[in-house]
Amino acid sequence: MALVFAGVCSHAPGITGRAERADPKARDTFYAALSRMREALEASRPDALVVIGAEHFANFFMNNMPAICVGMAEHYEGPIEDEKWLAIAHHSVPGNRRLSRELIQDVMNDIDLAYAEEWKFDHGIMVPLNFLTPRYDLPVIPVNINCQGPPLIPLNRAYEFGRALRRACDARPERIAVIGTGGISHWPATPDSGRINEQWDREFLDKLLRNSREELLAYRDEDIWREAGQGGFEIRTFIAVAGATEGCTGELWCYQAIPIFAVGCTVAVMQLR
């Protein structure tokens, strides 16, 4: 089979943990787009969901920080954060060890990877799953791209990882969906938390949805830091999805700058051929 679904969405902890403090109109518009994404994901009838996220020092730290790590377990636990703080109950999330191993083996022909047989999901994965797989019955294959501790993987390698992942997915008999989850602009855990650079976000999304490889890979980390904060480094997860859908364009289903969520809240879906 082939890749059957691909999209991107935001994952900030405030999306669930501070829901009651957000502007209701903006929040509900964003939530409706996430519901629409869930319906489209379910309609694609995937056998597994690859979630490309940016882990936040929950499992990996500077003493052991892989550039890219793929989960290879039968199940995962999450959230690692306090359930009340995140407003997401603890779940055991199913995985697919065999499929993970096969994808890892194929991707390794082109991209060096680490893998993990144990993984406790933080908000970077649990917030999207809360909306997209609320029954937690779809096997998940987690991917972490280091977006936290420099040196960071170059953007072109994130794109090439996406291309390699697509080839691996297309070689499998299973129906596989891919979600990239991250920023876009945000300054988490800093005095600027809540700041959002909407213009920068929309310019990036325009390049992403046109799937303009040259423009996406032209970003420099020093410019991202200045214009989009350290959270902006998470564009690597979106760029990986662009690589996985090379030649395809996308559609923006929602962009809402919601300061209490501390991020420009995004839902977009790529139009697969």
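**Exercise 1.** Which residues form one aromatic cluster together with Phe-60?

*Solution.* The structure is a predicted model. In this model, Phe-60 shares one aromatic cluster with Tyr-76, Trp-119 and Phe-121.

**Exercise 2.** Determine how the rings of Phe-30 and Tyr-31 are arranged.

*Solution.*
Step 1. A pair of aromatic rings is described by the distance of the centres and the angle of the planes.
Step 2. Two rings pair if their centres lie within 6.5 Å. By this rule, the count is eleven aromatic pairs.
Step 3. The ring centres of Phe-30 and Tyr-31 are 6.3 Å apart and their planes stand at 40°, so this pair is tilted. The label tilted applies to planes that are neither under 30 degrees apart nor over 60.
Step 4. As for their surroundings, Phe-30 and Tyr-31 are both buried.

**Exercise 3.** Describe the pair formed by Phe-204 and Phe-238, and state which parts of the chain it ties together.

*Solution.*
Step 1. The distance from centre to centre is 6.3 Å and the angle between the planes is 35°; the aromatic pair of Phe-204 and Phe-238 is tilted.
Step 2. Phe-204 belongs to helix α7 (residues 198-209), while Phe-238 belongs to helix α10 (residues 235-244); the pair therefore ties together parts that are 34 residues apart in sequence.
Step 3. A residue is buried if its relative accessible area is under 20%. Phe-204 has 0% and is therefore buried. Phe-238, with 2%, is buried as well.

**Exercise 4.** Is Phe-61 buried or partly exposed, and of which surface patch is Phe-61 a part?

*Solution.*
Step 1. Phe-61 is located in the loop between β2 (48-53) and β3 (68-71).
Step 2. Its relative accessibility is 48%, so Phe-61 counts as partly exposed.
Step 3. Phe-61 joins Phe-57 and Met-62 in making a nonpolar surface patch of about 300 Å².

**Exercise 5.** Explain how strand β2 is covered and which strands pair with β2.

*Solution.*
Step 1. Of the six residues in β2, six are buried.
Step 2. One side carries Ala-48, Val-50 and Ile-52, the other Leu-49, Val-51 and Gly-53, and all are buried; both faces of β2 are thus covered.
Step 3. Strand β8 (residues 176-182) pairs with β2 in the parallel sense over five bridges. In this pairing, Ala-48 stands opposite Ile-176.
Step 4. Strand β7 (residues 140-145) also runs parallel to β2 and is joined to it by five bridges. Here Val-51 has Pro-142 as its bridge partner.

Conventions:
Residues are numbered from 1 along each chain as its sequence is written. This is a predicted model: local features need pLDDT of at least 70, side-chain atom pairs count only at pLDDT 80 or more; totals for chains, interfaces and linings use all residues. Side-chain values use heavy atoms; hydrogens and water are left out. Rings of Phe, Tyr and Trp (its six-membered ring) pair if their centres lie within 6.5 Å; planes under 30 degrees apart count as stacked, over 60 as edge-to-face and the rest as tilted. Buried means under 20% relative accessible area, exposed over 50%, partly exposed in between (1.4 Å probe, protein chains only). Helices (H or I, at least four residues) and strands (E, at least two) are DSSP runs, numbered from the N terminus. Patches are made of residues with over 30% relative accessible area and no salt bridge: like charges are joined within 9 Å, nonpolar side chains (Val, Leu, Ile, Met, Phe, Trp, Tyr) within 5 Å. Accessible areas come from the Shrake-Rupley method with a 1.4 Å probe; for residues, only the protein chains shown count as cover. A salt bridge is a side-chain nitrogen of Lys or Arg within 4 Å of a carboxyl oxygen of Asp or Glu. Two strands pair if DSSP finds at least two bridges between them.
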